[in-house]
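Trainee: Please take me closely through a single helix-helix packing, and then set that packing in its wider surroundings.

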Protein chains: 2
Amino acid sequence: MRQKNDLSSKKIKTFTPKLIIAASESSADILYASKFNAPDDFLYYETESEKCIVVSPLEYSRALEEAGEEVKVIDRVPLMKQVRQGESFAVALSRILGINCWQVPASFPYSEAQALLNAGIQLQCLEDQPFFPERLVKNEKEIEAIQASVAVTEEIMCQLRDILIKSKINTKGFLEYKRRILTCEFLRSELEGNFKKKGFSASHTIIAPGIQGAAPHNHGTGPVPAGVPIVADIFPRSDATGYWGDMTRTFVKGKAKPIVKRAFKAVKKASDTAKKMLHDGVIAADVHKAAAEVLTAAGFPTGRGKDGMPCGFFHGLGHGVGLEIHEAPRVSPLNEKPLVSGNVVSIEPGLYYPEWGGIRLEDLVVIQKKSYRNFNTMEMELELP
Amino acid sequence: MRQKNDLSSKKIKTFTPKLIIAASESSADILYASKFNAPDDFLYYETESEKCIVVSPLEYSRALEEAGEEVKVIDRVPLMKQVRQGESFAVALSRILGINCWQVPASFPYSEAQALLNAGIQLQCLEDQPFFPERLVKNEKEIEAIQASVAVTEEIMCQLRDILIKSKINTKGFLEYKRRILTCEFLRSELEGNFKKKGFSASHTIIAPGIQGAAPHNHGTGPVPAGVPIVADIFPRSDATGYWGDMTRTFVKGKAKPIVKRAFKAVKKASDTAKKMLHDGVIAADVHKAAAEVLTAAGFPTGRGKDGMPCGFFHGLGHGVGLEIHEAPRVSPLNEKPLVSGNVVSIEPGLYYPEWGGIRLEDLVVIQKKSYRNFNTMEMELELP
């Protein structure tokens, strides 16, 4: 709570105009501020009196319809006439508006920064603080959007589960679906295609069976074997709202080995333990540490495996999810700050060993005053018939 | 030709190490240089003796498998131990490598630039020149990748054509497909879903019927009417190679009005005229101007429409396509440089009027010594039965 008050009082005392030049797809900040989703770069600025976007004539009429209600849309072309020879557009705009200091995001393009600095315009770039701190605390509309993305994610996860259940195990121990060898590539394009048909974009979907799952970001390739854990990490973004869903389950088709069963149980317990701790004010690092301790206590140490690769539980327990798939706040040993009501974070303990692969279980939750709400309802089960 | 020689001689004389910090999805440069496709930021550097990427342990083993052959993959974590208190990672790396001047792309993040500059490290940022000039001239492998993306684009465009042909016109003049009103939204998600099932990502697909098509970037919404032009601009990216396809056709279900027929004929003629001029050495602006003249001569002026919006032919004739959907070289009145063999550009004249909508026809071509090769084979037809 103290932290929140600090931020808002700072903001009131010293309002510095904000400037972003980016495409909505690569900058969640410009999408958050403008509500305008465009694949090419455009300019957003915010003074104490107005919020404006400056767009190309190609985007002008669409921007008028789609940008946020309080956002003024300006056609770039008439403004271009006021740009002096050798002057950058942003420099000209600063001159016209009479602004000599902008607050810019960490990702602000250096070439634009250079031109502004050369023209004597100051730039403030707060690295250790989000550009829009209010993005961390989701409002009702944002929570609805994330819930919608998670609901579709669960629907697609159920499709995956169904395909695995309907698959038969062939004599070589691989899955066959509709009389064809089932591959990670087929599953990925099938699931991602089904997302698109529902207005969601998914890429890099992880379907990583067996030892491939020991590398948390291995996408997975080749035929899917029975009897090994299959890490399925699915994270689509709504084309309409821009908000992400993110969810992981780990399945075994048929019977799992005892060590995999034990690991699954430990990861599930780590998830439960972490979730039980969640409430407004809990220190993020403490939640991570509690989950990590459950895993160690269950006999799954973290370190380097026989292949020299990191093994055990070697990533953060979770991350913020919103207009970015990975955003603040992190639920990691490095984040000693409290989680607050309205933070949306993933809780995703995992175990990874080169001997047998990986287990990861991920739910998405919103922090509440005394507890949390889980966006996910799908149970965590390991073995599928 | 002269221009090319200038660039290469400059490069030999003064090699400055290169530094990029970005995600492959938002920076085509880092994807081009590393061949590693990752959704989160990583670091690429290039000295006279080596090309390296520094990635998180989560991505390390995947990067080893997927990065370019000549690219060394470094795990970020062991390096982190050499970072001094308060030092940024890029500053520490520069110190370890003994580098005091980096060449960085225009989009280099300002916060990283600031840290480097504060540590006394110089940054060179060439704004008017691509970071990797060699990206403009596609090699055989790149041309194959683009051809593959265009082939899938044509396949999906044929699906759209089929759906329009199979649709019936109801008593209110709207299309019905499989007994349901056909909407732009349905077509978009259907086509984009089919792309995904083939391993391609498409978003912002334009299906803009009637007056919606008068704004070149209007995505299109609502039921599809018969008898009006439907601008279909489809541009998927291969998930495997990162190379884009880009193609536009304009269809009318049923009979087109005489003015729409005339406009279509003029745009087709502008496309043919422009393509006939293409060869190594032709000035890009001249190609644009020739196409623009065809349209004016056919009685379609460019200016402001009755609604105050730009009308006629008010965008560039084409743009480069590769790892970015819009990249250099531009085929616009502002680009007085020659196109050279290996440039891949779109040729997409269009006409837009608020009274009846838009016509745009877009092929993708590669410039050759004495001519060009068209990646597209699908004919340009207006009226569909």
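Mentor: A crossing is called left-handed if the near helix is turned anticlockwise from the far one by less than a right angle, and right-handed if clockwise. This is a predicted model, in which local features need pLDDT of at least 70 and side-chain atom pairs count only at pLDDT 80 or more, while totals for chains, interfaces and linings use all residues. Residues are numbered from 1 along each chain as its sequence is written, and chains are lettered from A and ligands numbered from 1 in the order of writing.

The pair to look at is helix 7 (residues 140-166) and helix 8 (residues 184-197) of chain A, which pack at an angle of about 145° with their axes 10 Å apart; axes here are lines fitted to C-alpha atoms over the stretch in contact, and angles run from 0 to 180 degrees between N-to-C directions. The crossing of helix 7 and helix 8 of chain A is right-handed. On the side of helix 7 of chain A, A:Val152, A:Ile156, A:Gln159, A:Leu160 and A:Ile163 meet A:Leu187, A:Leu191, A:Asn194 and A:Phe195 of helix 8 of chain A, contact meaning C-beta atoms, placed from the backbone, within 7 Å. These contact residues divide into 7 nonpolar, 2 polar and no charged (nonpolar: Ala, Val, Leu, Ile, Met, Phe, Trp, Tyr, Cys and Pro; charged: Asp, Glu, Lys and Arg; polar: the others, Gly among them).

Chain A as a whole has 10 helices and 24 strands, taken as DSSP runs of H or I with at least four residues and of E with at least two, numbered from the N terminus. Its C-alpha trace spans about 75 × 50 × 40 Å along the principal axes, and among contacts between residues at least 6 apart in sequence, 62% join residues at least 24 apart.

Helix 8 of the other chain also has a place in the interface, where 42 residues from chain B and 42 residues from chain A take part. Helix 3 (57-66), helix 6 (110-118) and helix 8 (184-197) of chain B each give two or more residues to the side that touches chain A, and helix 8 of chain B gives the most, with 7 residues. That side of chain B has 16 nonpolar, 16 polar and 10 charged residues. Because 100% of the interface residues of chain B are also interface residues in chain A, the copies meet through the same surface.

A turn of 180° and a shift of 0.0 Å along the axis lay chain B on chain A with an RMSD of 0.0 Å, by least squares on C-alpha atoms of residues with pLDDT of at least 70 in both. The two copies are therefore related as by a two-fold rotation axis.

Notes: Two residues are in contact if their C-beta atoms, placed from the backbone, lie within 7 Å.
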